[in-house]
Number of protein chains: 2
Amino acid sequence: MDENGQRGSSRALYDEIRARIADGTYRPGAALPSTRALAAERGFSRTTVSLVYEQLASDGFIETRAGAPSRVAAGAVPDARTDRDAQISAEDGGAHRHAGRLSVIGTRVAALALHEPVPTAADEIDFVYGPLAGRDFPILPWLKALRAVERQRSARLAYEDPRGNLDLRKALQTHLSQSRGLSCSVDQLLIVNGSQQALDLCARLLISPGDPVVAENLGYQMAHHVFETYGAKLLPIDVDSHGLRTDLLAQVPRAQMAYVTPTHQFPLGSFLPIGRRRALLAWAAERDAWIIEDDYDSEYRYSVRPEPTLRSLDSSGCVIHVGTFSKTLSPQLRLGYMVLPPRLVDVFSAAKRLTDRHVTTGSQRALAVLLEDGSYDRHVRRIRRLQHARQAALVQAITSHLGERVEIQGAASGLHLVVWFREFAAEKEPILIESARQKGVRLYPVSQFFHPAGRADASIRPAGLVMGYALLERDQIEEGVRRLAAALRELGSDRF
Amino acid sequence: MDENGQRGSSRALYDEIRARIADGTYRPGAALPSTRALAAERGFSRTTVSLVYEQLASDGFIETRAGAPSRVAAGAVPDARTDRDAQISAEDGGAHRHAGRLSVIGTRVAALALHEPVPTAADEIDFVYGPLAGRDFPILPWLKALRAVERQRSARLAYEDPRGNLDLRKALQTHLSQSRGLSCSVDQLLIVNGSQQALDLCARLLISPGDPVVAENLGYQMAHHVFETYGAKLLPIDVDSHGLRTDLLAQVPRAQMAYVTPTHQFPLGSFLPIGRRRALLAWAAERDAWIIEDDYDSEYRYSVRPEPTLRSLDSSGCVIHVGTFSKTLSPQLRLGYMVLPPRLVDVFSAAKRLTDRHVTTGSQRALAVLLEDGSYDRHVRRIRRLQHARQAALVQAITSHLGERVEIQGAASGLHLVVWFREFAAEKEPILIESARQKGVRLYPVSQFFHPAGRADASIRPAGLVMGYALLERDQIEEGVRRLAAALRELGSDRF
């Protein structure tokens with residue numbers, strides 16, 4: 001990371017902690033996270049965090065003692081205004097506002113501590129999950145499609161159907177039928193700004209404050225956060241190597257919704273078998289609950305066959321199927337879709353219109369061209385081979401360098417693996433990550449995907465890493481795992 | 001309209017009325033709107049509506065009597081399932097769900113009767129407001145910018161800053177300063193999917209159920225609807241030829257928010273003078289209320305000079321400034337922006353991320369290029385001249401063909417006029433519109449912009465039309481007004 005980036009980050013961290021003290025998140029006397037834990041969690045070097053803590057201590061906001069956690073200083077609160085606050089007050093003409101100026105939802109959103117993505121240095125080997133490599137994007141077909149649709153600009157530039165461009169919905173209908181065995185009418189398709197918007201619309205239209213919502217634990221936090229901002233009461237249900245433990249659903253007498261990733265459980269990578277699928281559907285039908293089926297990366301099945309979606313098995317019209325082009329084309333395109341039960345079409349269509357009218361027309365029409373002329377299918381076949389080769393390289397490297405020390409989970413599909421470390425407990429994830437980082441390898445802990453209520457046993461469950469490979473070439477993957485193994489050797493399991 | 005279009009529309013109308021009967025909106029014995037009123041409101045021919053009513057009557061859902069309003073039949077409800085419902089039940093396997101399956105917000109969205117835009121025949125002269133002409137779009141600069149940014153695709157396709165692409169925010173910061181005299185930091189700018197998303201985010205983050213929100217009456221219904229879906233209690237305040245009547249604000253002891261269009265009041269076109277601006281700001285500061293300043297078409301000022309925005313006058317940090325590229329480039333691009341008070345930046349940024357991560361990167365970067373290389377400014381100067389010429393042609397045609405029978409309002413700026421008809425009361429708008437329609441002219445009533453609570457005096461206030469001209473060439477404008485004048489002559493004021 002360059003000098004400026006690191007300085008900017010430490011400044012942001014300093015401001016953030018002062019803000020958390022000011023708003024009462026960290027109360028006087030409360031222990032702050034250890035520098036090691038915070039460094040690993042946020043992707044800073046431990047030195048950076050230590051420097052930030054020293055600065056906070058010398059400014060009187062926290063108290064540090066060797067061998068004990070740093071704590072918020074007793075007198076920190078009255079003067080605990082960050083520079084940001086000071087700037088805000090100045091621009092506001094000094095008017096101080098009570099928090100009640102935000103809505104109930106706004107207050108919940110403000111209370112969320114969303115993790116900012118951390119910039120990576122050019123020479124770092126980054127096993128991040130989520131981003132795709134720019135060189136894998138089908139630039140020529142995309143540009144050709146953009147040019148074609150922009151030149152066919154219509155005489156009247158008016159708001160479009162909120163459900164999306166009809167050409168795209170027709171092409172998608174065919175695509176879903178052929179690639180996913182999922183049949184639906186074009187009326188049931190709603191084009192959205194990526195699957196995140198699908199989750200937001202579901203939360204808004206289906207969850208009232210206090211409604212119980214079944215969530216996978218471990219699970220996709222950006223979904224859980226959205227549900228919680230609308231007031232959902234999350235009910236975390238454990239997942240195992242076959243996905244959601246539907247046997248535990250009997251404990252849930254009432255739920256408004258269940259959010260699941262049955263094709264490739266996030267992050268563990270398991271596939272929900274047909275028996276559990278039927279059990280989940282039966283439970284939902286009986287409880288009158290909606291199911292959101294997040295099919296976020298079903299294109300990447302390497303050793304499992306396509307299986308029927310929950311939506312295809314659904315006979316009671318309770319499944320909302322959500323898909324995205326963020327994993328095959330680019331997360332920056334913001335293109336996703338929903339397959340809605342017919343009775344939800346009107347209300348989702350109205351909500352999409354009130355929210356932002358419709359997805360930008362040019363991208364929709366360009367995607368329709370890619371789907372229609374076969375270049376999307378060609379691209380998916382190509383990128384699937386590429387990602388499979390990367391994954392095989394990762395499995396190979398882990399097996400040869402880490403061997404019996406680890407267990408690999410989720411290698412049948414997707415763009416990431418989970419690697420469990422037999423010798424370390426989960427509470428040791430931060431030090432493991434920091435050690436690798438000092439060797440120029442960026443890794444991500446599995447613990448971030450636990451629901452807060454399900455994290456208590458970090459001293460007994462094993463440490464785990466979520467390792468994405470979509471950004472890396474095979475030689476980088478091999479080198480990254482080699483460095484991780486070296487870091488582990490230096491640590492030695494006896495240190496724990 | 002072609003045969004299919006008309007048939008499709010009448011089918012949709014039939015289904016809709018049956019659905020409204022089924023869900024209790026139209027209760028047994030209740031009077032339906034007159035065929036004339038419904039035809040004008042929804043843009044159907046009166047014949048179409050009459051046929052739909054006849055079909056509903058012969059199917060037993062309504063009762064028609066000559067000279068009296070049609071009413072919902074007494075026995076209509078138990079069997080009042082639309083074909084849509086039947087289809088839904090079939091696909092749902094017959095499971096019937098209670099409305100409680102929607103959230104509180106979802107139920108409000110479902111209850112809204114949003115007007116669907118009505119297709120226009122090719123030979124119709126359409127004075128619609130909103131759409132822009134495809135031929136006015138700067139296609140070559142846009143394509144060039146798209147090509148340039150797509151070729152500079154970055155190595156890592158990751159989610160971007162939810163506030164928007166930094167290049168675009170920098171370019172926009174300069175643009176707003178130069179064109180609008182509005183100064184802000186790039187941190188305060190949030191790029192959104194058109195101004196509709198800005199309104200949605202404001203509603204979600206700032207309005208809790210029951211919160212009073214000041215709204216202009218007449219005003220922009222798509223904003224009011226959004227606020228109401230989040231539970232706002234709308235307080236309609238009258239507007240006059242100088243915009244919002246700030247003298248009436250003293251009656252509002254408490255409000256969470258005021259939504260205003262001070263630069264070009266929608267739809268009346270007035271400009272809020274500096275005295276009222278200051279009164280509004282003082283009221284908001286005292287009440288601790290947010291102000292949304294919707295600056296939707298400030299680029300089109302023909303005979304008024306740029307004036308300071310509310311945001312520029314705001315010393316208490318309560319103004320949220322909202323702008324859009326839908327009126328200068330295309331509503332299909334879905335590009336708008338917000339200038340936020342500093343203390344709202346973090347919560348809006350988090351909410352944008354939870355909602356849909358960020359606006360699609362390609363469009364943002366292409367727009368940045370247009371702003372930076374001067375082609376956007378050139379385009380705005382060109383389109384402003386074009387629209388001014390169209391507006392002058394409309395004023396000229398109205399003056400020469402309708403003369404003293406009408407009064408023109410809002411000709412100083414914008415993309416539409418309001419025309420008041422001295423001889424007709426507002427309740428006659430539908431017949432006026434239908435008469436013009438029979439001569440191939442599509443017109444839109446001003447009454448749709450009244451808050452429901454403020455519509456009672458339709459028998460005493462004059463009829464009015466909102467006439468947009470952005471789609472029309474000068475000869476079409478002249479011809480359209482000539483036909484309107486002919487329709488008026490045939491009607492004669494004595495018929496009323």
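Helices and strands here are DSSP runs, numbered from the N terminus, with at least four residues for a helix and at least two for a strand. The structure above is a predicted model, so let's read it with that in mind and work through some exercises.

**Exercise 1. Locate the cis peptide bonds and the unusual phi.**
Which residues does a cis peptide bond join in chain A, and where is Pro267(A) found?

*Solution.*
Step 1. In chain A, the cis bond links Phe266(A) to Pro267(A), with omega at about 5°.
Step 2. Pro267(A) sits in the loop between S10 and helix H10 (274–287) of chain A.
Step 3. Turn to chain B: Phe266(B) and Pro267(B) are joined by a cis peptide bond, and omega is about 5°. Pro267(B) belongs to the loop between strand S10 (257–260) and helix H10 (274–287) of chain B.
Step 4. Now look at Asp288(A), a residue that is not a glycine and yet has a positive phi of about 60°. Its place is the loop between H10 and S11 of chain A.
Step 5. Why note these spots? Most peptide bonds are trans, and most residues other than glycine have a negative phi.

**Exercise 2. Trace the eight-stranded sheet of chain A.**
Give the strand order, find the edges, and describe the pairing of S7(A) with S8(A).

*Solution.*
Step 1. The order is S6-S13-S12-S11-S10-S7-S8-S9 in chain A, and the sheet is open with mixed pairing.
Step 2. Strand S6 (189–192) and strand S9 (243–244) of chain A are the edge strands, as each pairs on one side only.
Step 3. Inside the sheet, S7 (residues 212–217) and S8 (residues 233–240) of chain A run parallel, joined over six bridges. One pair to pick out is Ala215(A), whose bridge partner in S8(A) is Pro236(A).
Step 4. Finally, add helix H9 (residues 221–229) of chain A, which lies across S7, S8, strand S10 (257–260) and strand S11 (290–294) of chain A. H9(A) runs at about 160° to S10(A).

**Exercise 3. Explain the edges of the four-stranded sheet of chain B.**
Why is one side of S14 and of S17 of chain B left without a neighbour in the sheet?

*Solution.*
Step 1. Write down the order: S14-S15-S18-S17 of chain B, an open sheet with antiparallel pairing.
Step 2. Strand S14 (406–409) and strand S17 (444–445) of chain B are at the edges with a single partner strand each, so one side of each has no neighbour in the sheet.
Step 3. In the interior pair, S15 (residues 416–425) and S18 (residues 462–468) of chain B are antiparallel over seven bridges. Phe421(B) stands opposite Ala463(B) in S18(B).
Step 4. Helix H15 (residues 429–437) of chain B packs on this sheet and touches S15, S17 and S18 of chain B, with its direction at about 45° to that of S18(B).

**Exercise 4. Classify a helix pair between the chains.**
Are H12(A) and H5(B) roughly parallel or roughly perpendicular to each other?

*Solution.*
Step 1. H12 (residues 345–356) of chain A and H5 (residues 104–111) of chain B pack at about 90°, their axes 9 Å apart.
Step 2. Angles of 65 to 115 degrees count as roughly perpendicular, and H12(A) and H5(B) are therefore roughly perpendicular to each other.
Step 3. The contact uses Val347(A), Ala350(A), Ala351(A) and Leu354(A) from H12(A), with Gly106(B), Val109(B) and Ala110(B) from H5(B).
Step 4. By class, these residues are six nonpolar, one polar and no charged.

**Exercise 5. Survey the cavities.**
How many cavities of 30 Å³ or more are there, and what lines the largest cavity?

*Solution.*
Step 1. The whole structure holds five such cavities.
Step 2. The largest cavity has a volume of about 220 Å³. Its lining counts 21 residues, with Glu150(A), Thr360(A), Thr361(A), Gly362(A) and Ser363(A) nearest the centre.
Step 3. Both chains take part: H6 (139–151) and H13 (361–372) of chain A and H6 (139–151) and H13 (361–372) of chain B each supply at least two lining residues.
Step 4. The lining of the largest cavity divides into seven nonpolar, 10 polar and four charged residues.

Notes. Residues numbered from 1 in each chain as written. Chains lettered and ligands numbered in written order. Predicted model: local features only at pLDDT ≥ 70, side-chain atom pairs only at ≥ 80, totals over all residues. Heavy atoms only, no water. Pairing = 2+ DSSP bridges. Contact = heavy atoms within 4.5 Å. Axes fitted to C-alpha atoms, helices over the stretch in contact; angles between N-to-C directions. Parallel < 35°, antiparallel > 145°, perpendicular 65-115°, else oblique. Nonpolar A, V, L, I, M, F, W, Y, C, P; charged D, E, K, R; others polar. 1 Å grid on protein atoms, 1.4 Å probe; cavity = no way out; pocket = protein on both sides within 12 Å on 5 of 7 lines; lining within 4 Å. Points joined across faces, edges and corners; volume = space filled by probe spheres on them.
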